[in-house]
Amino acid sequence: MSIRIIPAHHKPSRALTAAEFHQLSNVPAEAEWFANLDNPRTRRAYQIDLRDFMGFVGIAQPDEFRTVSRAHVLAWRKNLETRKLSGATVRRKLAALSSLFDYLCERNAVSLNPVAGVKRPKGNSNEGKTPALGDHQARALLDAPDPATLKGKRDRAMLAVLLYHGLRREELCLLKVRDIHDRRGVPHLRIHGKGSRVRCVPLHPASAERIHTYLEVAGHGSPPDAPLFQPVRATGAAITADGVYKCVLAYAAQAKIAITGFGVHSLRATAATNALEHEADIAKVQEWLGHANIATTRLYDHRNSRPEQSPTFKIAY
């Protein structure tokens, strides 16, 4: 069997220099794993968690992860428990470390995952910790911004998108003008979710009206690549997640909403709970929220925690 030699002038051009090739081959697997985390909030949280572990164990260089044993992990877990961290926080920190070691195992950088088999705190219940608003509170929040100002028009539109569509904070910030589009004659929102997953949901009429009013005054509704929600002082950039957080909390205070644990994510929980209370199918709500697992959707189901559902109000003497 003869082997055909490709003439030099037919060989594909090399995109990398020899120095660049060797530099890439020396990138630690730990750095590759970190670079593969798409969600900025996950990346930020995992970075904090791994720094915590590295500080506790005394790791200074990435290649020292190869010396970690289960005893190190157990000692760290004990330390986390003595710091009175919540069970959810401890689970996340162990999950971050386990995710890294799973990747190192795949790359044959280590022979085993020392976090595997290490017990993690159990959840306290089947209900999530994020509080949901009552219907009257949601309405008060929707009406809180001043409809006469540009900022008020923008914030009324943002709150409507959060409360009528259950978006995550980052998903709201990623929306562009082109993400409002028609499907079968019905306006939809194209949402860029976790893990680079894209979902399309029908645009609620109340949201559509408020977005139209905002864009008409803001003046950036024509360029399709323009961020949908921008700072009042026009920069062409999208509003930041921190800006959304401060905005929502300010209007919650204005509407006299004082709930322990309230945050932007509470609006997502409110939307999911309201949809379920009005007989939306939980599998459809899962798809609508962009959850990979329906168990996560159930954490947003606050129907059983409504006071009016208590047996207390079923008693009549």
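**Long-range contacts, aromatic pairs and local features of the chain**

Among the contacts in the chain with a separation of 6 or more, 59% join residues that are 24 or more positions apart. The model is a predicted one, and its chain contains 13 helices and three strands. Of the 317 residues in the chain, 37% are buried. The area that the chain exposes comes to about 18,900 Å², and 54% of this is supplied by carbon and sulfur atoms.

A good place to begin a closer look is with the aromatic rings. Two aromatic pairs emerge when the whole structure is searched. In one of them, Phe53 and Trp76 meet edge-to-face, with 5.0 Å from centre to centre and 70° between the planes. This pair links distant parts of the chain, since Phe53 belongs to helix H3 (residues 40–57) and Trp76 to helix H4 (residues 70–82), 23 residues apart. Phe53 has a relative accessible area of 0% and is therefore buried, the cut-off being under 20%. Trp76 is likewise buried, with a relative accessible area of 0%.

The other pair is formed by Tyr214 and Phe229, and here the rings are stacked, with 5.8 Å from centre to centre and 15° between the planes. Tyr214 is part of helix H9 (residues 205–218), while Phe229 sits in the loop between H9 and helix H10 (241–254), so this pair ties together parts that are 15 residues apart in sequence. Both Tyr214 and Phe229 are buried.

The helices that carry the edge-to-face pair can also be viewed as a packing unit. H3 and H4 pack at an angle of about 110°, and their axes are 10 Å apart. Because this angle falls in the range of 65 to 115 degrees, H3 is roughly perpendicular to H4. On the H3 side, the contact is made by Asp49, Asp52, Phe53, Phe56 and Val57. H4 contributes His72, Val73, Ala75, Trp76, Asn79 and Leu80. Both members of the edge-to-face pair, Phe53 and Trp76, thus appear in the list of residues that make this contact. Sorted by class, the contact of H3 with H4 comprises seven nonpolar, two polar and two charged residues.

Helix H9, which holds Tyr214 of the stacked pair, is also where Ser207 is placed. Ser207 has a relative accessible area of 0%, so this serine counts as buried. With its neighbours within four places in sequence left aside, Ser207 is in contact with Ala160, Val161, Tyr164 and His165.

The loop between H9 and H10, home to Phe229, also contains Pro227. Pro227 is buried, with a relative accessible area of 10%. Although Pro227 and Ala237 are ten residues apart along the chain, their C-alpha atoms are separated by 6.5 Å. Ala237 is also one of the residues that Pro227 touches when those up to four places away in sequence are not counted. The others in that set are Leu175, Lys176, Val177, His220, Gly236 and Ala238.

Cys105 offers a case of intermediate accessibility. This cysteine is found in helix H5 (residues 87–106). Its relative accessibility is 23%, a value between the limits of 20% and 50%, and Cys105 therefore counts as partly exposed. Residues up to four places away in sequence not being counted, Cys105 touches Val110, Ser111, Leu112 and Asn113.

Two loop residues draw attention through their backbone geometry. Arg184 has a phi near 55°, a positive value in a residue other than glycine. This arginine is located in the loop between strand S1 (180–183) and strand S2 (186–192). With a relative accessible area of 87%, over the 50% cut-off, Arg184 is exposed. Glu279 is not a glycine either, yet its phi is positive at about 70°. Glu279 occupies the loop between helix H11 (265–277) and helix H12 (282–289). Its relative accessibility is 75%, so Glu279 counts as exposed.

Key:
Residues are numbered from 1 along each chain as its sequence is written. This is a predicted model: local features need pLDDT of at least 70, side-chain atom pairs count only at pLDDT 80 or more; totals for chains, interfaces and linings use all residues. Side-chain values use heavy atoms; hydrogens and water are left out. Rings of Phe, Tyr and Trp (its six-membered ring) pair if their centres lie within 6.5 Å; planes under 30 degrees apart count as stacked, over 60 as edge-to-face and the rest as tilted. Helices (H or I, at least four residues) and strands (E, at least two) are DSSP runs, numbered from the N terminus. Buried means under 20% relative accessible area, exposed over 50%, partly exposed in between (1.4 Å probe, protein chains only). Axes are lines fitted to C-alpha atoms, for helices over the stretch in contact, and angles run from 0 to 180 degrees between N-to-C directions. Angles under 35 degrees count as roughly parallel, over 145 as roughly antiparallel, 65 to 115 as roughly perpendicular and the rest as oblique. Contact means heavy atoms within 4.5 Å. Ala, Val, Leu, Ile, Met, Phe, Trp, Tyr, Cys and Pro count as nonpolar, Asp, Glu, Lys and Arg as charged, and the others, Gly among them, as polar. Accessible areas come from the Shrake-Rupley method with a 1.4 Å probe; for residues, only the protein chains shown count as cover.
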